[in-house]
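Subject: Structure handover

Hi,

Here is the structure I promised to pass on. Please open it next to this email and follow along.

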Amino acid sequence: MNRYNPRIDYNLSSSDRIFGVFHRQTGSNSGYDLVVGPAGAQISRANDYALTVAETHTFTSSMLNDFRFGYMHRIGARAQYGQGFTSPADFGISGIPNCLSSIPDTAGGVKCGTPGVGIVGYSGFSSGETLYEPATTVQFSDMVTKLLGRHTLKMGAEFRHYAIDNYQPNGVTGGFSFNGAQTANAFADFLFGALNQSSVQVQNAMVSSRAWSYSFFVQDDFKVTPKLTLNLGLRYQYDQSFHETHKGLAFFNPYTAAWEQFGVNAPPTTFDPSKKQFGPRVGFAWNARKGFVVRGGYGIMFPSAVGHGRAGDGQPGPNLLATTPFPAGTDWSNLPTITSPDPSAITSPTPVTGNVSFSAWAPRKQKPTYVQLWNFPLEKQIGSNTVAQLAYVGSRGVHLPINYAYNICQQTPQSTSWSATTSPYCSATAAEEAGIWNLYVTPGWWGLSSSNYHSLQAKFDRRFAHGFSLLANFTWSKLMDDSSSDWGGFWSLDVLGQDFYNRRAERSVSAGDVPGRFTVAPIYELPFGSGKKWAQSGVASQVIGGWRVTGIYTVSGGYPFGITDNSYGYCNAAHIIQDRPNMIGNPLPSGFNQTVQHWFDITAFDFSGTCPASNLVALTGGYDTTKAFGNAPRYFSNIRVPGVNNIDFSLQKDFRVPMGEQTRLTFRADFYNMPNHPQFGAPVSDPTNPTYGTINYTSIGNRTVQLGLHLYF
């Protein structure tokens, strides 16, 4: 085998094979070599080289090597209002530190934007949101395919490196509110400069998170007989937890009442990575008879949850991101000293103060998230152009992530008072440090959720022939879970749980459950014009020829409905963050006249366990400790958002353009919601809203007509 400098011309013989371009590093001697050798040769001293180009090489007639390299870079950015043009100092507000100088369009950190001002009873203006987040992913993968008789073996590996830098202080220019608490008039408070609760947040260094992910796999496609093929495989992956390069991530542990600074007084990463992520694969394909195939498969997938959230599953510690609150009555023309973290002191010890009452935390030991998938399809070919399929498809999600929030001093369903001493979960030390009941754990990564999905799926596919094609799908399914997303907004039903210690109480139909859905999409070329049955030439061919019609008709059930209670948060004797009502009747009783003005019976719920609004039923009065844990489900299977019954239609015509055989001009007339049927949205789910239980908007717009010309060349 010879190595050739790629800058030197070399004539290959018909028996020579190019093995690739390799990087050579031996002491101070480095360079790039073109490796060439006769067919069937092997690379010697392979450990001296690292492949640096992405190519596919056939080493022998029965072996194929596929190497890939990928690079992705993105920048997420949101700007403050006035960023690059103004600063708080321009409005006479002094003492607010500059933003990070490396943030683009801030004049080196001097022009960070306008401060936010809110005056109760008047239109204020917000400060907007600050976000600058460049992120890079580098990927290397290599796969070798080898033919051995009736076996097709595949082996490979993949390595990914994740890098995320984040700058995201809230209120970097300050948010100032005036509510009349000082003078009994909000505008007078503003004129005097007497603040209500306000704050400024300062971040002087990037949150820089880094992690690697590794995976390896082997697969065997074994042709047992000419009609039966087995697929057997195994994948292993190892996902690092993110580490922050400045050691600036931190959790406040509510059970020890101490800060965990990762890389300082705690391990460098927020979680202990799992070393047990083995994902088997098994499948088969059996050609039972001509045109009839039976398939089946099962696999376990790990979603590679390297990190979750802006800082890789940890929050920036107070030495990296600091909030300075302004107590009520503060004069905004004479603000107190604002905490501005010193980038050189990020790893300094973090003292425990009253600010810990709303801090994030999650346990180090987390079981890996995985999903089990299985399917069993039957497929029949009908004629030469049509295929029909009937399949059972299912899945099960285990240890799914959820950004969970709870109060460590949560009471039990047997609670009879507000006292922290009645809570079996409340650490006395932690409660004392944080002020008894007010020790919240804000959303952090928890592998607590699970899901189950079962479906019967039918498909009919007539491929395009004789000017016509048709694709039709029908799905009958049920999806159950105890959280339908890992992040749905702080007050959504999928972030807050009623009882942190009873996940079973959160289980219901999923927010994404649609029991039935049918879709049909035909394409038809009208039989007029050149090459068609009628009007093959002349003016008629030009006018009525070349037209085709397409459409999509969809009919489906609606998504389930759930009662939110974001105005009720932390408003009962159990001291839980989310409250649900108790069922005292059927919200859709027999004979109920369901209209958009009255979508369900709101008198079927008893809100005595919370602090109910005046329009709600409270049989025993608000704050009833015996009803603090409501028995209403997270989502109701029998109360659903109105389903979909919609037709989209398109009329198209091609015009030949004398600019080559592939050039054409296409006219399109698209009609969305062609029958102009109202497709209603979800009913109001907030019990404190006066329109609770009514539907006041449509989810699909009125009929929309769109005309267009498209030139293809």
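What follows is a short tour, from the overall picture down to single residues.

**Overall**

Please keep in mind that this is a predicted model. The protein has 713 residues, and 42% of them count as buried. Strands dominate the list of elements: there are 37 of them, against 3 helices. The accessible surface is about 35,800 Å². Carbon and sulfur atoms make up 57% of that surface. Take the contacts with a separation of 6 or more: 71% of them are between residues 24 or more positions apart.

**A three-stranded sheet**

Start with β15, β16 and β19. These 3 strands form an open sheet, in the order β16-β15-β19. Their pairing is antiparallel. The edges are β16 (258–261) and β19 (315–316), and each of these pairs on one side only. Strand β15 covers residues 249–253 and is joined to β16 by 4 bridges. Within that pairing, Phe252 has Trp259 of β16 as its bridge partner. The two strands also make a hairpin, with 4 residues between them. Look at Ala257 in the turn: its phi is positive, at about 55°.

**Nonpolar cores**

Strand β15 comes up again here. The largest nonpolar core has 22 residues. Which of them touch the most other members? They are Phe251, Trp361, Tyr404, Tyr406 and Trp446. The elements that give two or more residues to this core are β15, β23 (386–407) and β24 (440–465). Another core lies apart from it and has 15 residues. Its members include Ile563, Phe600, Ala604 and Ile695.

**Salt bridges**

The count is 18 salt bridges. Three are worth a look.

The first pair is Asp272 and Arg364. Their closest N and O atoms are 2.6 Å apart. Asp272 sits in the loop between β16 and β17 (278–289), and Arg364 in the loop between β21 (358–360) and β22 (370–382), so the salt bridge ties together parts that are 92 residues apart in sequence. Asp272 is partly exposed, at 26% relative accessibility. Arg364 counts as buried, at 18%.

The next pair is Glu379 and Arg295. Their side chains meet in a salt bridge at 3.6 Å, N to O. Glu379 belongs to strand β22 and Arg295 to strand β18 (residues 292–301), so to speak of distant parts of the chain is fair: they are 84 residues apart. Glu379 is partly exposed, with a relative accessible area of 22%. Arg295 is partly exposed too, at 33%.

The last pair is Arg548 and Asp654. The N to O distance in this salt bridge is 3.0 Å. Arg548 is in strand β28 (residues 547–556) and Asp654 in strand β33 (residues 644–656). The two are 106 residues apart. Is Arg548 buried or exposed? Arg548 is buried, with a relative accessible area of 16%. Asp654 counts as partly exposed, at 27%.

There is also a network: salt bridges that share partners join Asp272, Arg364 and Lys365.

**A buried arginine**

Now go to Arg580. This residue is in the loop between β29 (560–561) and β30 (582–583). Despite the loop position, Arg580 is buried, with a relative accessible area of 3%. What does its side chain contact? A polar contact of 3.2 Å joins the side chains of Arg580 and Glu506.

**An exposed histidine**

Finish at His466. You will find it in the loop between β24 and β25 (468–481). At 78% relative accessibility, His466 counts as exposed. Glu525 is 59 residues away from His466 along the chain. The C-alpha atoms of the two are separated by 8.5 Å.

**Where to click**

If time is short, try these stops:

- The hairpin of β15 and β16, with Ala257 in the turn.
- The 22-residue core, with Trp361 and Trp446 among its members.
- The network of Asp272, Arg364 and Lys365.
- Arg580, with its polar contact to Glu506.

Best wishes

Terms used: Residues numbered from 1 in each chain as written. Predicted model: local features only at pLDDT ≥ 70, side-chain atom pairs only at ≥ 80, totals over all residues. Heavy atoms only, no water. Buried < 20%, exposed > 50% of the residue type's maximum accessible area, 1.4 Å probe, protein only. Contact = heavy atoms within 4.5 Å. Areas by Shrake-Rupley, 256 points an atom, 1.4 Å probe, with all protein chains shown as cover. Pairing = 2+ DSSP bridges. Polar contact = N/O pair within 3.5 Å; in protein donor to acceptor, adjacent residues only side chain to side chain. Salt bridge = Lys/Arg side-chain N within 4 Å of Asp/Glu carboxyl O. Core = buried A, V, L, I, M, F, W, Y, C linked by side-chain atoms within 4.5 Å.
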